[in-house]
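Visitor: I am new to this structure and would like a close look at one part of it. Could you start with the cysteines and then lead me on to whatever lies around them?

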Amino acid sequence: FFMHETNTLTMDEISQQKPPSSQSPTPPLSTDGIKKSEVGGSATAKDPRRAAVAQASESASFAAVVEAACSHRNLIPGLAELLETSSGTGAMIPSRSGNAKNSSGGVEGDKIDMDAGHPILPSINAVSNTALRLINDFNLPPFVTMSTKDSSPQLKLEDLPLTTTDNENGNLNIRRRLVVRGAIRGYRMSRATHGVSNGCYYYEAIIGGGDNDNKISGQKRPLHETSNQDADLSTKRQKNGHVRIGWSTRSGDLQAPVGYDASSYAIRDTGGSRIHKSRREDKWGGIEWGPGDVVGFAICLCTDNAANSSANISSSLGSDSATTVGGENGLSHVMKANTATASHIRFFVNGKQIGDRAFDKITPGTYYPAVSCYSDSSVKMNFGPHFVYPPNEMQSVSELCSVPPPPEDVLHTVLSTSSEGKKPFSSKKVDERVVTAFNDLVRKESKIRRDAYLQHAAMQKKEILKLRTERSLPTLDLQDANAPAPKEQSVNQQYASMHY
């Protein structure tokens, strides 16, 4: 009797105690040991249908963000690269628990700070670092400089870095790489990041010496040192190396000097010879130049319509070798151009044009400033907008890269259109929190690129002021506090003249 009663009670107790099931409402632990309910996932954890809707919204949001960034890669290249890399590798889109690896490079299981952005997007620091890397690697620089991707590896590209202030990352070092230095016996070539396909453009090259030569500052040499008959100068130049500078298309051989093939035109330091297709011409009117000299390079590329529309090309860079270029001392000179041969190249030494035209009948194409160094020699490139000997009626090569637009202008463009001509975030499925975080990332990279350009422009102005002061040249235009700001263009025009 007692045994039966005991068994009955035991069964009753068992019937009152249900074993735990897999559908328990207790929030599971995420990969970092935090309950989903503690990171805002309780609502979706209780309702699978709501969780699916939230996941679909994040998927649509991520797709819209990738489309918007990649459609405006020229404006926000760092953010576009991060998002494209993440989407291209099939990276998992994190759930609202926020514990998946994302394109910011975080480790799976890292706790997400929702106030710092959105877990399906890169972090602010990741975008800043990528934007800085692209600027310094010059895949898409915000100003004209020498290209690391379009230079012989035997040449050294160097210069003092710029320092910009960033609220999140402190000081950022921006490399300009405007000094080209030779390192071996044998010519190699380096080209600039931007090229000219139409119009008249100008840049300067400040000739330096070797590693131990302090004349890279461009101080003008004494008159007796400029003589072609000076044996000491020839000996010094042979010791320090040689330089050839001019214009080259992308097809020019980087393992050869400028002027080596049909793709480039050059002038060399020894005798001021002009060179094209490896054919050297010594007696064309050139003069010898060397360390301390400032050599100018002008190219005029005219389309058939442009050539036929005008028979005159106006310039202050007169054909008279005694004409001084720039400022109040510049003399406006109108050259009578044959419309059939309007495209041409001219050279200048310390503000004076060498001969007439160095080259006529330039083969159509996109031409980049190019320099070749042999052995121990160096050149500092100056693309403007300020010059030691400024020309009139000529555009500076720096104008090929306009001032990066303000962050709000970039944001407006990115949010307005995509590659398909539609607003990228028009879908009702897009999560507004994703859009808000994306907007912050666009502003961040846009500010970095704009600040880098403005810092570069300010330093360039100071450098030219110093060079002109050393040469007792006019500096009024550089000291005018009310001088007009650099010319800005709309976002749509931003990269119209850039060639990569």
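Guide: Happily! This is a predicted model, and by the distance rule for cysteine sulfur atoms the count of disulfides comes to one. The bond runs between C200 and C300, with a distance of 2.4 Å from S to S. C200 belongs to strand 7 (residues 199–208) and C300 to strand 12 (residues 294–301), so the bond ties together parts that are 100 residues apart in sequence. Both ends are hidden from the surroundings: C200 is buried, and C300 is buried as well.

What about C302, and how far away is the nearest cysteine sulfur? C302 takes part in no disulfide, and the nearest cysteine sulfur, which belongs to C300, is 3.7 Å away. The cut-off for a disulfide is 2.5 Å. C302 has a relative accessible area of 26%, so it counts as partly exposed. Another cysteine, C70, is also partly exposed, at 24% relative accessibility.

Let us follow strand 7, the home of C200, to one of its partners. Strand 7 pairs with strand 19 in the antiparallel sense, and five bridges join them. One of the contacts to look for is I206, whose bridge partner in strand 19 is K380. Strand 19 also pairs with strand 5, again in the antiparallel sense, over three bridges. Here V180 has V379 as its bridge partner in strand 19.

Now, is strand 19 itself largely enclosed or left open? Five of the five residues of strand 19 (residues 378–382) are buried, so the rest of the structure largely encloses this strand. Its side chains split into two sets: S378, K380 and N382 point one way, while V379 and M381 point the other way, and all of them are buried.

Aromatic rings come next. The structure holds 10 aromatic pairs. In one of them, Y187 and Y374 have ring centres 5.3 Å apart and planes at 50°, so this pair is tilted. Y187 sits in the loop between strand 5 (179–181) and strand 6 (188–192), whereas Y374 is in strand 18 (residues 368–374), so the pair ties together parts that are 187 residues apart in sequence. Y187 counts as buried, at 15% relative accessibility, while Y374 has a relative accessible area of 21% and is partly exposed.

A further pair is made by Y265 and Y367: their ring centres are 6.0 Å apart and their planes stand at 55°, so this pair is tilted. This one also links distant parts of the chain, with Y265 in strand 9 (residues 264–268) and Y367 in the loop between strand 17 (359–360) and strand 18, 102 residues apart. Y265 is buried, and Y367 is buried too.

Which residues form an aromatic cluster with Y265 and Y367? The cluster joins these two with Y203, W247, F297, F347, F359 and F383. A ring also has a charged residue over its face elsewhere: R250 lies over the face of Y368, at 4.6 Å from the ring centre.

Y265 can also lead us into a sheet. Strand 9 and strand 10 (residues 274–276) run antiparallel and are joined by three bridges, and the bridge partner of Y265 in strand 10 is H276. Both strands are part of an open sheet of seven strands, which has the order 1-6-18-8-9-10-11 and antiparallel pairing. At its edges stand strand 1 (146–151) and strand 11 (279–281), each with a single partner strand, so one side of each has no neighbour in the sheet. From one strand to the next, the twist averages 30°.

Two more stops complete the walk. Q395 lies in strand 20 (residues 395–396) and is partly exposed, with a relative accessible area of 32%. Q395 and A298 are 97 residues apart in sequence, and their C-alpha atoms are 9.4 Å apart in space.

The other stop is helix 5 (residues 124–137), which has 14 residues. From its first C-alpha to its last, helix 5 reaches 20 Å, close to the 20 Å expected at 1.5 Å a residue. Its buried residues include A126, V127, T130, A131, L134 and I135. When you look along a helix like this, a general point helps: an α-helix has 3.6 residues a turn, so residues three or four places apart point the same way.

Methods:
Residues numbered from 1 in each chain as written. Predicted model: local features only at pLDDT ≥ 70, side-chain atom pairs only at ≥ 80, totals over all residues. Heavy atoms only, no water. Helix = DSSP H or I, 4+ residues; strand = E, 2+ residues; numbered from the N terminus. Buried < 20%, exposed > 50% of the residue type's maximum accessible area, 1.4 Å probe, protein only. Expected span 1.5 Å × (residues − 1). Phe/Tyr/Trp six-rings, centres within 6.5 Å; stacked < 30°, edge-to-face > 60°. Lys NZ or Arg CZ within 6 Å of the ring centre and 35° of its normal. Pairing = 2+ DSSP bridges. Axes fitted to C-alpha atoms, helices over the stretch in contact; angles between N-to-C directions.
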